[in-house]
Amino acid sequence: MILHTGLRTDIPAFYPEWLANRIKEGYVLVRNPYNPLQVTKYQITPEVVDVIAFCTKNPAPFIPYMDLLGGYGQYWFVTITPYGTDIEPNVPSKEIVMQDFIRLSEGVGVQSVGWRYDPIFLSDIYTVERHIHDFEEMAKTLAGYTKVCVISFIDLYKKVVRNFPEVKAVERADRLAIGKEFAQIGEKYGITVKSCAEGNELAEFGVDCSGCMTAAVFENAIDCALNVPGTKGARSECGCLLSCDIGAYNTCGHLCRYCYANYDAKTVMDNMKHHNPNSPLLIGALSPDDVVSDAKQESWKDRQMRLELM
């Protein structure tokens, strides 16, 4: 199975000690975001967890704990954008994150780390031309340390519109212009550009539209085939393996204005006050009314030997 840590919050950036403790103790408890009294217990052992998947804007706080991952497959997506603190208030500068990305790549291997440049939106400051310029400068720095960059354009969820009311959807002509240039830049630096839940409109430019966290991505990272059950993505246009996330919504301290996972800053700050790194739950503790159920977990690794046909 794939154990996700970054679909609802940024655990490496804000809760590294908690995750380290969960790995040491071999299990984690996760509240159902839609039914908080329903709690799922996941075992964290190499026997059932084939890959621990990370999505983060700041991997540095977890790097001191990397030795704990020695028995696990892993895949890291690190989001690095050109946005400043006007958009991403608590994210380190792109220069700092790129250097941490390089450290991470050197440690886990280029097959196990990917760059995300998303979501893309346009404004008077962040124009098409600026995105293209900044993307090339960043690709030049990260060349040789990743083979993939995932892009997507901003989705106007209700939470996004509430926290970022001036944002607008990116028009098709601009999406095509950005996609075409990014694909050409990626080819120049040995980086395959992939789109995330954007359909196939960028495929004509050489953008890989097959998905960003597919079985193939994880298989390549761990050099092993996976027999994946019928797990669907979060959206109909998404072909990725996105189940079994151990995070919680409204807990990410980056407070990015485009975030879909936070309601507002006050809710996030209130929740973070109830974090205990020694608790099996990310936020708070179990209550007498909670119902804890064991997750159904099994390894997906295909352990059959395969003969290559000459």
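1. In what order do the three strands of the open sheet with mixed pairing stand? The order is β2-β3-β9, where strands (E, at least two residues) and helices (H or I, at least four residues) are DSSP runs numbered from the N terminus. Two strands count as paired if DSSP finds at least two bridges between them. The edge positions belong to β2 (27-32) and β9 (291-294), each of which pairs on one side only. Neighbouring strands of this sheet are turned by 30° against each other on average, direction ignored; axes are lines fitted to C-alpha atoms, for helices over the stretch in contact, and angles run from 0 to 180 degrees between N-to-C directions.

2. This is a predicted model, in which local features need pLDDT of at least 70 and side-chain atom pairs count only at pLDDT 80 or more, while totals for chains, interfaces and linings use all residues. Residues are numbered from 1 along each chain as its sequence is written, and side-chain values use heavy atoms, with hydrogens and water left out.

3. Within the mixed sheet, β2 and strand β3 (residues 35-43) run antiparallel and are joined by six bridges. Val28 stands opposite Tyr42 in β3. Val28 is also touched by Arg22, a residue of helix α2 (residues 16-25). Arg22 is buried, with a relative accessible area of 0%; buried means under 20% relative accessible area, exposed over 50%, and partly exposed in between (1.4 Å probe, protein chains only). Not counting residues up to four places away in sequence, Arg22 further touches Tyr27, Ile44, Asn278, Ser279 and Pro280, contact being heavy atoms within 4.5 Å.

4. A second open sheet has six strands in the order β1-β4-β5-β6-β7-β8, with parallel pairing. Its edge strands are β1 (2-4) and β8 (192-195), each pairing on one side only. From one strand to the next, the twist averages 25°. Strand β4 (residues 51-56) and strand β5 (residues 73-79) run parallel and share six bridges; Thr56 has Val78 of β5 as its bridge partner.

5. Strand β7 merits separate attention. Six of the six residues of β7 are buried, so this strand is largely enclosed by the rest of the structure. In a regular strand the side chains alternate between the two faces of the sheet. Here both faces are covered, with Val148, Val150 and Ser152 buried on one side and Cys149, Ile151 and Phe153 buried on the other. β7 pairs with β6 in the parallel sense over four bridges, and with β8, also parallel, over four bridges. Ile151 takes part in both pairings: Ile151 is the bridge partner of Tyr117, and Ser195 in β8 is the bridge partner of Ile151.

6. The chain passes from β6 through α4 to β7 in a right-handed β-α-β crossover; right-handed means that, with the strands pointing away from the viewer, the path from the first strand over the helix to the second runs clockwise. Helix α4 (residues 128-142) packs on the sheet and touches β6 (113-120), β7 (148-153) and β8, its direction making about 170° with that of β6.

7. Two further helices can be checked for length, the expected span being 1.5 Å times one less than the number of residues. For the 15 residues of α3 (residues 94-108) the span should be 21 Å, and the end C-alpha atoms are 21 Å apart, which agrees. Buried residues of α3 include Val97, Phe101 and Leu104, and its buried residues pack against β5, β6 and α4. Gly109, which follows α3, has a positive phi near 100°. Helix α6 (residues 172-188), with 17 residues, reaches 24 Å from its first C-alpha to its last, close to the 24 Å expected. Its buried residues pack against β6, α4, β7 and β8; Gly190, just after α6, takes a positive phi of about 70°.

8. The largest nonpolar core has 78 residues, a core being a set of buried Ala, Val, Leu, Ile, Met, Phe, Trp, Tyr and Cys residues joined through side-chain atoms within 4.5 Å. Among the residues with the most contacts inside this core are Trp115, Tyr117, Phe182 and Met213. α4 gives the most to this core, with six residues. Apart from this core lies another, of 11 residues, among them Val91, Phe121, Ile154 and Phe164.
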